[in-house]
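Visitor: I would like to understand how the words used for a protein model are justified, one value at a time. Could you take me through the reasoning?

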Amino acid sequence: MKRFLAIATMLFWLCACAPTVGGQDAKSASSVAAATAEPAAANATEPEGGEGETVAEASEPPAAKPEPAVLELPPGPIAADDALRLLKAGNERYASGDAKRAHQGADRRADTAKNGQHPFATVLGCSDSRVPVEMLFDQGVGDLFVVRTAGNVAGPDELATIEYGVGHLGTPVVLVLGHTGCGAVTAAVENAHVHGNLPALINQIRPAVAKAKAWTPTAGSGDILSKAIKANVWLVMENIIRKSSEVRDAVKDGRVLLIGGIYNLTTGKVEWLGQHPEQGRILASASVVHKPKPKPKPKPKPKPKAAKVEAKAGGKPPEAVKNAKQAQAPANPDAVNPGGHSEGDGSLLGPGLDVAPAKKKHK
Ligand SMILES: [Zn+2]
């Protein structure tokens, strides 16, 4: 070793150009070292490690701030783990002020317009203007398939959109993203008076509030809110599994990673919740719950017996038939509406009953 150092020293003094070359390498190596220190930089495409070990001992400081690692998508299908890494890396860059803002130029627009979209994740987030999904994951045009509703709830339209992301676009990750200080969840926690179509939306969040209160019966409202936000993410994930057989099958087959997260409005960081803690149980029970429903009983045809009797007799109709016609309803409502649905009066009358009153008018 001593001999090696002596030879190296000699060579150093003999070769005046060595510091210049070494300086350039040192910058690269320091970039590698800085990049690999970040959890997101595992795939950074910088010089090989062998050279880095040698030049890392050079005393020159790095000349420039290391370039934040940007994970580019490899061509072709992307694995769920890689997609998740992209999300995590992008959020790290955004939260630390190192957002790269890639894929936002005219070339990206032209490329995606011509060649179609190939997003790597479906994200269901809240419509809150402080939670701009592409921005907080430092992604650009064509990177994310985003669904947003107040409270990140998933009704039929949202479920269908998620299914589009999974089934047609092939995103390997579905992320349900709640956030701190969510107004929709707050409304549910505080039982706020809402109007218009909002009650139906807030009602979807109420089970999460109930769960949060059950977790910590003595907690204050602030604590309940944070727990309800988390419970709401779990609830929405569960609903997606239960109500979308397409996503459920994809999760079950390992084609899709369904995960949750909570975005912090203050720090800009996402708290990653991972998969639903009871995903296995939900998958199993959902498969049972969503067996084909039994066919509804066929509606029995109306029996215009009384009317026929009246027509044959040619005289006054029986009193019961008379009353029934006046009320524009069948004598036996159960016979017309066996399922108990209320869809209006006349629309459910069978053709036989429509005919009979017309005859009577001509009498
Ligand atoms: Zn919100």
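Guide: Let us begin with P199, whose place is in helix 9, and keep in mind throughout that this is a predicted model.

Visitor: Why is P199 called exposed?

Guide: A residue counts as exposed if 12 or fewer other C-beta atoms lie within 10 Å of its own. P199 has 11 C-beta neighbours inside 10 Å, so P199 counts as exposed. As for its place in space, P199 is 9.7 Å from A187, C-alpha to C-alpha, and the two are 12 residues apart in sequence.

Visitor: How do you know how far helix 9 reaches, set against the expected span?

Guide: Helix 9 covers residues 198-215, which is 18 residues, and the distance from its first C-alpha to its last is 26 Å. The expectation at 1.5 Å a residue is 26 Å, and the helix is close to that value.

Visitor: Where is the kink in helix 9?

Guide: The kink, of about 35°, lies at Q204, shortly before the proline P207.

Visitor: Which residues of helix 9 are called buried, and what covers them?

Guide: The buried residues are I202, I205, A208, V209 and A212, and their cover includes helix 8 (183-189) and helix 10 (221-243). An α-helix has 3.6 residues a turn, so residues three or four places apart point the same way. From the other side of this packing, A188 is in contact with I202, I205, R206, V209 and A228, leaving aside its neighbours within four places in sequence.

Visitor: What makes up the largest nonpolar core?

Guide: The largest nonpolar core has 62 residues, and those with the most contacts inside it are L175, V185, A188, A228, V236 and V247. Helix 10 gives the most to this core, with 11 residues. In soluble globular proteins, nonpolar side chains tend to be buried together.

Visitor: Why is strand 1 said to be largely enclosed?

Guide: Being buried requires 20 or more other C-beta atoms within 10 Å. Six of the six residues of strand 1 are buried, so strand 1 is largely enclosed by the rest of the structure.

Visitor: How do you know that strand 3 is mostly covered?

Guide: Strand 3 (residues 173-179) has seven of its seven residues buried. V173, L175, L177 and H179 point one way from the strand, while V174, V176 and G178 point the other way, and all are buried.

Visitor: What makes strand 1 and strand 3 a pair?

Guide: Two strands pair if there are at least two bridges between them, and strand 1 (residues 121-126) and strand 3 have four, in the parallel sense. Among the bridge partners in strand 3, V174 stands with T122 and V176 with L124.

Visitor: Which other strands are joined to strand 1 and to strand 3?

Guide: Strand 1 is joined by six bridges to strand 2 (residues 144-149), and these two run parallel; there T122 stands opposite F145. Strand 3 is joined by seven bridges to strand 4 (residues 257-263), again in parallel, and the partner of L177 in strand 4 is G261.

Visitor: Why are strand 2 and strand 5 called edge strands?

Guide: The five strands form an open sheet in the order 2-1-3-4-5, with mixed pairing. Strand 2 and strand 5 (270-274) each pair on one side only, and that is what the name edge strand records. From one strand to the next, the twist averages 25°. Helix 10 lies across strand 1, strand 3, strand 4 and strand 5, and runs at about 160° to strand 4.

Visitor: What makes R101 and N152 worth a separate look?

Guide: Each has a positive phi without being a glycine: R101 near 55° and N152 about 40°. R101 lies in the loop between helix 4 (80-95) and helix 5 (106-115), whereas N152 is found in the loop between strand 2 and helix 7 (156-168).

Visitor: Is each of these residues buried, exposed or partly exposed, and how do you know?

Guide: R101 has 13 C-beta neighbours inside 10 Å, so R101 counts as partly exposed, since the exposed class stops at 12. N152 has 28 other C-beta atoms within 10 Å and is therefore buried, the cut-off being 20 or more.

Definitions and conventions:
Residues are numbered from 1 along each chain as its sequence is written. This is a predicted model: local features need pLDDT of at least 70, side-chain atom pairs count only at pLDDT 80 or more; totals for chains, interfaces and linings use all residues. The expected span of a helix is 1.5 Å times one less than its number of residues. The bend at a residue is the angle between axes fitted to the seven residues ending there and the seven starting there. Two residues are in contact if their C-beta atoms, placed from the backbone, lie within 7 Å. A nonpolar core is a set of buried Ala, Val, Leu, Ile, Met, Phe, Trp, Tyr and Cys residues joined through C-beta atoms within 7 Å. Axes are lines fitted to C-alpha atoms, for helices over the stretch in contact, and angles run from 0 to 180 degrees between N-to-C directions.
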